[in-house]
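Q: Could you walk me through reading a model like this one, feature by feature?
A: Sure, let's pull it up and start.

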Amino acid sequence: MPDSHLRVFWPDDHRPSRHSATTVETVKVPLAEVLPLFTDAVRNRRAWLTDFENEEITISADLYEVLHAYEHYRPTA
């Protein structure tokens with residue numbers, strides 16, 4: 001069976017801008033753009049999430065610190 005090469009076809013109003021692409025394989029996007037999509041995908045248990053579960057992402061150091069603190073946050077009643 002020959003290798004399949006899939007492509008994403010973007011509607012013109014949602015196409016990532018050329019200036020935001022740092023390489024062919026990466027695109028910089030605001031967290032606010034992808035967070036609702038990830039939230040919906042997790043909530044609805046979309047299978048495609050498992051395809052990317054080992055992907056590394058780059059986040060700012062301050063966001064990492066906030067996420068780390070939040071992970072260990074234990075609210076008191």
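Q: What should α1 span at 1.5 Å a residue, and how far apart are its end C-alpha atoms?
A: This is a predicted model, so a check on helix geometry is a handy start. The idea is to multiply the rise by one less than the number of residues. With 13 residues, α1 should span 18 Å, and its end C-alpha atoms are 18 Å apart, which agrees.

Q: How many helices and strands does the protein have?
A: Count the elements, then read their order. Here you get 3 helices and 0 strands, and along the sequence the pattern is α-α-α.

Q: What is the mean pLDDT of the protein, and which helix has the lowest confidence?
A: Where pLDDT is low, don't read the predicted coordinates in detail. In this case the mean is 81, with 69% of the residues reaching 70 or more. Confidence is lowest in α2, at a mean of 92, and highest in α1, at 95.

Q: What does phi look like just after α1?
A: Scan for residues other than glycine with a positive phi. Arginine 45 is one such residue, with phi near 50°, and its place is in the loop between α1 (31-43) and α2 (48-51).

Q: Is arginine 45 buried or exposed?
A: The cut-off for exposed is over 50% relative accessible area. Arginine 45 has 76% relative accessibility, so it counts as exposed.

Q: How many aromatic pairs does a search of the whole structure find?
A: Look at ring centres first, then at the angle of the planes. There is 1 aromatic pair. The rings of tryptophan 48 and phenylalanine 52 have centres 6.3 Å apart and planes at 75°, so the pair is edge-to-face; the cut-off for that label is over 60 degrees. As for exposure, tryptophan 48 is partly exposed at 40% relative accessibility, and phenylalanine 52 is also partly exposed, at 47%.

Q: Which residues make the nonpolar surface patch of about 420 Å²?
A: Look for nonpolar side chains that sit together on the surface. In this model Ile57, Ile59, Tyr64 and Leu67 make the patch. Take isoleucine 57: it lies in the loop between α2 and α3 (61-71), and its relative accessible area of 69% makes it exposed.

Q: What share of the protein's residues is buried?
A: Pair the buried share with the total surface. Of the 77 residues, 3% are buried. The accessible surface comes to about 8300 Å², with 57% of that belonging to carbon and sulfur atoms.

Terms used: Residues are numbered from 1 along each chain as its sequence is written. This is a predicted model: local features need pLDDT of at least 70, side-chain atom pairs count only at pLDDT 80 or more; totals for chains, interfaces and linings use all residues. Side-chain values use heavy atoms; hydrogens and water are left out. Helices (H or I, at least four residues) and strands (E, at least two) are DSSP runs, numbered from the N terminus. Buried means under 20% relative accessible area, exposed over 50%, partly exposed in between (1.4 Å probe, protein chains only). Patches are made of residues with over 30% relative accessible area and no salt bridge: like charges are joined within 9 Å, nonpolar side chains (Val, Leu, Ile, Met, Phe, Trp, Tyr) within 5 Å. Accessible areas come from the Shrake-Rupley method with a 1.4 Å probe; for residues, only the protein chains shown count as cover. A salt bridge is a side-chain nitrogen of Lys or Arg within 4 Å of a carboxyl oxygen of Asp or Glu. Rings of Phe, Tyr and Trp (its six-membered ring) pair if their centres lie within 6.5 Å; planes under 30 degrees apart count as stacked, over 60 as edge-to-face and the rest as tilted. pLDDT is the predictor's confidence in each residue, from 0 to 100.
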